[in-house]
Amino acid sequence: MARLLQIFGFLSVLFRGATLTFQSLTVGGIVFLLFILRRAGQESEALQRVSLHWIRRSAIALAAMQISYVLANSLILMQSAEISLREAAGANFVIAGAIGILSALAIVILTGASRSQNPSALLITAAAIIASSVMTSHAMARLEYRVPLVVFTALHQAATATWLGGLPYLLIAIRRAQSPDYARQLSARFSQLALISVVVLASAGLVLGFAYVGSLKAVYGTSYGAMVATKALLFGLLLFLGALNYQLVRRGPSSTILASLKRFGEAEIGIGITVILTAASLTSLPPAVDLTRDRVTGAEIFTRMAPRPPRLASPTIQELPEDVYAAQKKAFESGSLSTESYVPGQAGTRPNTPAEKAWSEYNHHWAGIIVLAIGLLALVAQAGHVSWARNWPLIFLGLALFLFLRSDPEVWPLGPNGFWVTFADPEVLLHRIFVLLVIGLAAFEWRVQTGRVASAGVRLVFPLLIAVSGALLLTHSHSLGNIKEEVLAELSHIPLAILAVMAGWSRWLELRLPPENQTRGIMARLWPLCILLIGAALLNYHEM
Amino acid sequence: MHAGRRSLLILILLLAVVSLLIPAPAAAHAILLESNPPPNGKVAAPDIPIKLRFNVRIDASRSRLTLVRPDGSVQPLAIGKPASEDTLSALASNLPPGDYRLRWQVLASDGHITRGEIPFSVTLA
């Protein structure tokens, strides 16, 4: 049962992230339909039909994700608290989920092909979706200032949906518009709406940030604060891209401007989804204002992060604590390899020994050297003078081999546990799949760099994988409370994640922007630089 | 299927598996702010009033308190009517001296379940 609960715990986090994403797409689509397309006159009828089609699909996905989320969480509650389905059904998250599901289904019906759409009904259901989401937010759980916090949370989410959720519909509209002028007209109108949304979401975000974080010290001293700062930084990136778009729209009608607009829009959607996923993970962290003890201080961060020579000598396997093997073997035999990770205070966690920390630092530092080499060669290759430098993706194979050997010293080939343990322990399996991903990355990008493949889709694999890895690193950074080590570990990982997101999307823009766009050249230099910085950050990673 | 597209699909599938396997966060919304008995505290036998205060509103009817006795046996505790929305209270009666653990599991209003354990000792009055 522990294993089953653990799986549901994993899934419920994914469902939550997907729910927030589809919520934005559904609500953003409705706002785009009613406030951009409907007001654009007769010309927009075909575009309205396409938008309705996508709103419907997003609503179906939203309902499916909500149902899955409510089911997973209900099962966890029923099993862990030993209560009946009837009792679980009265819980606040079930009621909120039911409102979300019914609203999404109502949108599916309202956007059906045979019916004429009722704008006010669509708006009411969109508002109900936001309300259902706010019902399970931090705001509703607070004891003080609940009403104003609920209002600001609703404004924050609605503005996010209008801007980020509306963007894909804008891209669809630009692609299908009858003329470049009409596409530009739609873009200009959306820019105005986006501008208002940005002001609303930033203002509401500031108020919420002040209420939940409270002080500057909490920004770097707690996981919640650090994640809020990360969200703000990604928001800054989005604003930068938005400003580039705004400039393009104002410059005048041209098909090349629209092509650039679409490409910036794609990167905005990608980074926007990353921000939404970061927000989803924030909902599962206790607000920083509640954690007043054991915060990490500036001096502790400085001590941990101050540059030191890399650790290039590893402890031997024999120096690692034996109980890791013993515990793993025992758990494997009893079929319960993992603890119930959806709850804090779980059994089985213990501080790492100095030897384990040294082992991990050695791994990070060598990985840093490899990534640094990749970044340097990529930069040289971009300059175009040294042709063999284009083979830089092959260095990823070295990284794959290193990860395969070193990431799980308790398992084959280094450790006493056999090969099949790989498939029984999610963590080991995860590392092994990462190895396969890195090999895939090397193979795809090497073919792209050396001109062996011309397919546009294959060229996008590398930027997508890098950007997704960054997003996953952010989404899954978590700290149960104020355990200093966890906060310090998160502070080390956040820059890596942000750099990965930037590397992925700048490479994407380099590949996708039209050649005449000047930003393309900057993007071509930016992503190898980000990879270089990831290498440098890994090289200065410390656990003690 | 085109070879490039097939490889792309395999990669996407791999990514999906990775995201499924990445250690999930402990959905740690509710955290314990103070408790009676306090962690590792000593309280006088035989009746122990239990009170736990959290940082957020708690769904008391769907939360659980369990006492682990010195011999390892487990006794569920009836949760009383809470004094405030962020509090869980109960009464553990007739406890002989010894080392106990109070296990708590709470449901916060956002659907997140949090668990914890408070070790304490009961001494002679």
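**Figure 1. Helices α2(A) and α8(A) cross in a right-handed way.** This is a predicted model, like every view that follows. Start with how the two helices sit relative to each other: the axes of α2(A), residues 45-81, and α8(A), residues 167-176, come within 10 Å and cross at roughly 145°. Now look at who meets whom. From α2(A) come Leu47(A), Val50(A), Ser51(A) and Trp54(A), and they meet Tyr169(A), Ile172(A), Ala173(A) and Arg176(A) of α8(A). Sort the residues of this contact by class and you get six nonpolar, one polar and one charged.

**Figure 2. Helices α19(A) and α20(A) pass each other in a left-handed crossing.** Here the axes of α19(A), residues 461-475, and α20(A) come within 7 Å, and they cross at roughly 155°. Because of that angle, α19(A) counts as roughly antiparallel to α20(A). Plenty of residues take part in this contact. On the α19(A) side you can pick out Phe462(A), Pro463(A), Leu464(A), Ile466(A), Ala467(A), Ser469(A), Gly470(A), Ala471(A), Leu473(A) and Leu474(A). Across from them, α20(A) brings residues including His493(A), Leu496(A), Ala497(A), Ala500(A), Val501(A), Trp505(A), Arg507(A) and Trp508(A). How many residues of each class does the contact of α19(A) with α20(A) have? There are 16 nonpolar, four polar and one charged.

**Figure 3. Ile374(A), Ala500(A), Val501(A), Ile531(A) and Ile534(A) touch the most other members of the largest nonpolar core.** That core has 169 residues. Which helix gives the most to it? Helix α20 of chain A, residues 484-512, does, with 15 residues. Two residues you may remember from the previous view, Ala500(A) and Val501(A), are on the α20(A) side of its contact with α19(A). Zoom in on Ile534(A) and, skipping its neighbours within four places in sequence, you'll find it in contact with Val371(A), Leu496(A), Leu499(A) and Ala500(A). As a rule of thumb, nonpolar side chains tend to be buried together in soluble globular proteins.

**Figure 4. Thr19(A) sits in helix α1 of chain A, residues 2-37.** Is Thr19(A) buried or exposed? With 29 C-beta neighbours inside 10 Å, Thr19(A) counts as buried. Leaving out residues up to four places away in sequence, Thr19(A) touches Leu62(A), Met65(A), Gln66(A) and Tyr69(A). For a sense of scale, try Ser260(A): it is 241 residues from Thr19(A) in sequence, and the two are 30 Å apart in space, C-alpha to C-alpha.

**Figure 5. Lys262(A) has its place in helix α12 of chain A, residues 255-282.** Lys262(A) is partly exposed, with 19 other C-beta atoms within 10 Å. Counting C-beta atoms matters here because a residue needs 20 or more of them within 10 Å to be called buried. Next, follow the chain along to Arg512(A). Lys262(A) and Arg512(A) are 250 residues apart along the chain, but their C-alpha atoms are separated by 9.2 Å. Closer to home, and not counting neighbours within four places in sequence, Lys262(A) is in contact with Leu171(A), Ile174(A) and Arg175(A).

**Figure 6. Glu82(A) and Asn94(B) are two loop residues with positive phi.** Glu82(A) isn't a glycine, yet it has a positive phi of about 50°. Look for Glu82(A) in the loop between α2 and α3 (85-89) of chain A. With 10 C-beta neighbours inside 10 Å, Glu82(A) counts as exposed. Over in chain B, Asn94(B) has a phi near 50°, again a positive value in a residue other than glycine. Its place is in the loop between β6 (87-92) and β7 (98-107). Asn94(B) has 8 C-beta neighbours inside 10 Å, so it counts as exposed.

**Figure 7. Two cis peptide bonds in chain B lead into Pro37(B) and Pro46(B).** Which residue comes before Pro37(B) in its cis bond? That's Asn36(B), and omega for the bond is near 0°. Pro37(B) is in the loop between β1 (32-36) and β2 (41-44). The other bond runs from Ala45(B) to Pro46(B), with omega near 0°. You'll find Pro46(B) in the loop between β2 and β3 (48-54) of chain B.

Definitions and conventions: Residues are numbered from 1 along each chain as its sequence is written. Chains are lettered from A and ligands numbered from 1 in the order in which they are written. This is a predicted model: local features need pLDDT of at least 70, side-chain atom pairs count only at pLDDT 80 or more; totals for chains, interfaces and linings use all residues. A nonpolar core is a set of buried Ala, Val, Leu, Ile, Met, Phe, Trp, Tyr and Cys residues joined through C-beta atoms within 7 Å. A residue is buried if 20 or more other C-beta atoms lie within 10 Å of its own, exposed if 12 or fewer, and partly exposed in between; C-beta atoms are placed from the backbone. Helices (H or I, at least four residues) and strands (E, at least two) are DSSP runs, numbered from the N terminus. Two residues are in contact if their C-beta atoms, placed from the backbone, lie within 7 Å. Axes are lines fitted to C-alpha atoms, for helices over the stretch in contact, and angles run from 0 to 180 degrees between N-to-C directions. Angles under 35 degrees count as roughly parallel, over 145 as roughly antiparallel, 65 to 115 as roughly perpendicular and the rest as oblique. A crossing is left-handed if the near helix is turned anticlockwise from the far one by less than a right angle, and right-handed if clockwise. Ala, Val, Leu, Ile, Met, Phe, Trp, Tyr, Cys and Pro count as nonpolar, Asp, Glu, Lys and Arg as charged, and the others, Gly among them, as polar.
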